[in-house]
Amino acid sequence: IRISPIIAPMNLPRFYCREALSPGAHVELPEPVARHAVRVLRLPPGAPMILFDGRGGQYLAHIERIERDRVYAELAGWQDVECESPLSITLVQALQAGDKMDFTIQKAVELGVRDFVPVESRRSVLRLAGERAAKRVAHWQGVVASACEQCGRNQVPLVAPVERLENWLARPVAEGTLRLMLAPDAEMSFASIRPTGPVQLLIGAEGGLDPQEMIAAQQAGFQAVRMGPRVLRTETAGLAALAVMQAMWGDFRGE
């Protein structure tokens, strides 16, 4: 494959393919990817791109041929390229109304979250169950993939199935995991914390966590931490906390 020297690999369009990729393979792009590549970006045959399958690293590729709505690509070599944070963060987010969940998930991926756990809390306006919940999780997984395409991540975070917060809190947690939840009146600040392993961040829905949920979370090992004197909206709180953690302990430090 020949890539124009004018176009640096980091500026090439990036697409996520769920099926496992391999050097030299000839693959048909997934229908949504093909549609976006040809109809939106108007890429012609021979156009270079980057493909990744979420298993780490990426592949230089180019469009081999276009047959109506079907697009075929040829892969070149695998590149060991990653931009993952050394800080492993799981965002446990209570269900948010409207399109807030999409926004939170998208930005959380950009901020380096490793996993996303949507939970139903007592104050959640949005209620999901059964097939409706499964469809929404699949949609959110698509939001994650699109965010990875945009921000350069080659490892795709997982969106867990929706479950009630109290049920999730009853699950065992890996030893050494730091569990945090925001509270404006908490005595502890981020500056007083030094994580030595994975971090789980619990964020409530509109109106925050119910007092009984706060107690249950504390009994499950969550520590309340403050982040300034102001009360933040649910769609602001988690993202602001993620940025703080990456700046203090993650790859925002530039080390």
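Five bridges join strand 6 to strand 12 (residues 199–203), and the two strands run parallel. Strands here are DSSP runs of E with at least two residues, helices are runs of H or I with at least four, and both are numbered from the N terminus. Two strands pair if DSSP finds at least two bridges between them.

This is a predicted model, in which local features need pLDDT of at least 70, side-chain atom pairs count only at pLDDT 80 or more, and totals for chains, interfaces and linings use all residues. Residues are numbered from 1 along each chain as its sequence is written, and side-chain values use heavy atoms, with hydrogens and water left out.

**Strand 6 and its neighbours**

Gln-93 of strand 6 has Ile-203 as its bridge partner in strand 12. Strand 6 also pairs with strand 7 (residues 115–120), again in the parallel sense, over five bridges. There, Val-92 is matched with Val-117. Between strand 6 and strand 7 the chain passes through helix 2 (residues 100–110), and this β-α-β crossover is right-handed. That means that, with the strands pointing away from the viewer, the path from the first strand over the helix to the second runs clockwise.

Is strand 6 mostly covered or exposed? It is mostly covered: six of its six residues (89–94) are buried. Buried means under 20% relative accessible area, exposed over 50%, and partly exposed in between, using a 1.4 Å probe and protein chains only. In a regular strand the side chains alternate between the two faces of the sheet. Here Ile-89, Leu-91 and Gln-93 are buried on one side, and Thr-90, Val-92 and Ala-94 are buried on the other.

**The cores**

A nonpolar core is a set of buried Ala, Val, Leu, Ile, Met, Phe, Trp, Tyr and Cys residues joined through side-chain atoms within 4.5 Å. The largest has 40 residues, and those with the most contacts inside it include Leu-91, Trp-140 and Leu-242. Strand 6, helix 2, helix 3 (130–151), strand 10 (178–182), strand 12 and helix 6 (234–248) each supply at least two of its residues. Helix 3 gives the most, with eight.

Leu-242 touches Ile-89, Leu-91, Ala-108, Leu-111, Val-113 and Leu-201, leaving aside residues up to four places away in sequence. Contact means heavy atoms within 4.5 Å. Apart from the largest core lies another, of 19 residues, among them Val-27 and Met-49.

**Aromatic rings**

The whole structure holds three aromatic pairs. Rings of Phe, Tyr and Trp (its six-membered ring) pair if their centres lie within 6.5 Å; planes under 30 degrees apart count as stacked, over 60 as edge-to-face and the rest as tilted. Two of the pairs are listed here.

| Pair | Centres apart | Planes | Type |
|---|---|---|---|
| Tyr-16 and Phe-52 | 5.6 Å | 40 degrees | tilted |
| Phe-190 and Trp-249 | 6.0 Å | 50 degrees | tilted |

Tyr-16 lies in strand 1 (residues 14–16) and Phe-52 in strand 3 (residues 48–52), so their pair ties together parts that are 36 residues apart in sequence. Tyr-16 is buried at 17% relative accessibility, and Phe-52 is buried at 0%.

**Two loop arginines**

Most residues other than glycine have a negative phi. Arg-42 has a positive phi of about 55 degrees. Arg-42 sits in the loop between helix 1 (31–40) and strand 3. At 66% relative accessibility, Arg-42 is exposed. Arg-68 also has a positive phi, near 55 degrees. Its loop runs between strand 4 (58–67) and strand 5 (70–79). Arg-68 is exposed, at 82% relative accessibility.
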